[in-house]
Amino acid sequence: NEDSLFALTGINAGDSQQHNFGLFVVADGMGGHEKGERASTVAVQSVAKIVGTYIFSKILEEIEEFSDVKTLKELMHSALNQSNNDVSINVPGGGTTVTALLLMGENAIIGHVGDSRAYMLDSGRLLQLTKDHSLVQKLHDLGEITNAGIENHPRRNILLRAVGQGDILDVDVSDYCVESGSVFLLCSDGLWGCLEEEEMVRIISKTPDLQDACETLTREANKTGGLDNITSLIVKYGYENNK
């Protein structure tokens with residue numbers, strides 16, 4: 001299994017004005033089993049260390065300004081660039097996708113490299129929050145293949161950007177204002193490449209327990225004959241204090 005995932009949540013149970021928060025990361029390694037597994041693990045640990053250290057230190061200092069959108073986007077950008085350095089040093093020849101979601105107050109910050117995806121459930125449909133850094137996505141942008149062609153194209157696995165594949169990394173970082181109760185899905189291409197979005201929505205919407213929903217997604221993807229590693233991470237976010 002060349003995939004790795006990470007989930008960390010913090011709930012404010014005191015009188016502090018700090019927000020609840022969550023950090024969630026999915027990575028899909030490449031470079032052969034051993035290097036791919038190691039690359040995705042190193043990348044996830046690196047992002048978690050940079051973001052976690054910053055957040056916990058600021059919470060303990062009771063500094064409220066640390067959670068503004070500009071600062072959080074810069075933090076995410078730095079974390080993914082550090083993960084690139086760490087993978088390059090520790091796993092020569094290895095690489096990985098990284099898609100990370102940081103939730104803080106009303107803000108969702110997403111950092112992204114590769115073709116693992118972040119979605120948000122919106123009015124009964126999945127809104128894709130990331131854009132694949134892949135050859136087939138570029139072909140789609142040029143009008144040479146359709147959406148269906150992305151999932152079925154024989155060169156779907158060729159990435160144009162990956163963590164650990166060069167000294168300079170071009171990172172996508174975006175922000176969204178979200179409501180309490182928003183539902184997110186992070187997944188590797190082993191999931192989205194096997195299941196239609198309508199089926200993923202149906203499973204998530206009809207399965208109250210999030211762990212059961214993840215297991216059902218994996219089971220249904222495997223039924224389609226998917227040969228790749230499958231990782232899914234579903235988040236239902238409540239950001240009010242003491243919730």
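This is a short walk through a predicted model, from one helix to the contacts between side chains.

Let us begin with helix α2, which covers residues 69-90. The helix has 22 residues, and from its first C-alpha to its last it reaches 31 Å, close to the 32 Å expected at 1.5 Å a residue. Look at the N-terminal end of α2 and you will find Asp-68 acting as a cap. One of its side-chain oxygens lies 3.3 Å from the backbone nitrogen of Lys-70. Now follow the helix along and ask which of its residues are buried. They are Leu-72, Leu-75, Met-76, Ala-79, Leu-80, Ser-83, Asn-84, Asp-86 and Val-87.

Helix α2 also takes part in a salt bridge. Side chains of opposite charge can pair when their charged atoms come close. Here, Lys-73 meets Asp-175, with N and O 3.2 Å apart. Lys-73 lies in helix α2 and Asp-175 in strand β8 (residues 172-177), so this salt bridge ties together parts that are 102 residues apart in sequence. Both partners are partly exposed: Lys-73 has a relative accessible area of 27%, and Asp-175 has 35%.

How many salt bridges are there in the model? The count comes to nine, and two more of them are worth a visit. Arg-161 pairs with Asp-170, the closest N and O atoms being 3.4 Å apart. Arg-161 also meets Asp-172, at 3.1 Å from N to O. Asp-172 sits in strand β8, while Arg-161 is in the loop between α4 (147-152) and β8, so their pairing joins parts that are 11 residues apart in sequence. Through these shared partners, Arg-161, Asp-170 and Asp-172 form one network. Each member is partly exposed, with a relative accessibility of 23% for Arg-161, 45% for Asp-170 and 28% for Asp-172.

Next come the rings. A pair of aromatic rings is described by the distance of the centres and the angle of the planes. The structure holds one such pair. The rings of Phe-21 and Phe-56 have their centres 5.7 Å apart, and their planes are at 80°, so the pair is edge-to-face. These two residues link distant parts of the chain: Phe-21 is in strand β2 (residues 21-30) and Phe-56 in helix α1 (residues 33-61), 35 residues apart. Is each ring's residue buried or exposed? Phe-21 counts as buried, at 6% relative accessibility, whereas Phe-56 is partly exposed, at 41%.

Finally, find Trp-192. Arg-117 lies over the face of this residue, at 3.5 Å from the ring centre.

Conventions
Residues are numbered from 1 along each chain as its sequence is written. This is a predicted model: local features need pLDDT of at least 70, side-chain atom pairs count only at pLDDT 80 or more; totals for chains, interfaces and linings use all residues. Side-chain values use heavy atoms; hydrogens and water are left out. Helices (H or I, at least four residues) and strands (E, at least two) are DSSP runs, numbered from the N terminus. The expected span of a helix is 1.5 Å times one less than its number of residues. Buried means under 20% relative accessible area, exposed over 50%, partly exposed in between (1.4 Å probe, protein chains only). A polar contact is a pair of N or O atoms within 3.5 Å; within protein, one must be able to donate a hydrogen and the other to accept it, and residues adjacent in sequence count only if both atoms are side-chain atoms. Rings of Phe, Tyr and Trp (its six-membered ring) pair if their centres lie within 6.5 Å; planes under 30 degrees apart count as stacked, over 60 as edge-to-face and the rest as tilted. A charge sits over a ring if NZ of Lys or CZ of Arg is within 6 Å of the ring centre and within 35 degrees of the ring normal. A salt bridge is a side-chain nitrogen of Lys or Arg within 4 Å of a carboxyl oxygen of Asp or Glu.
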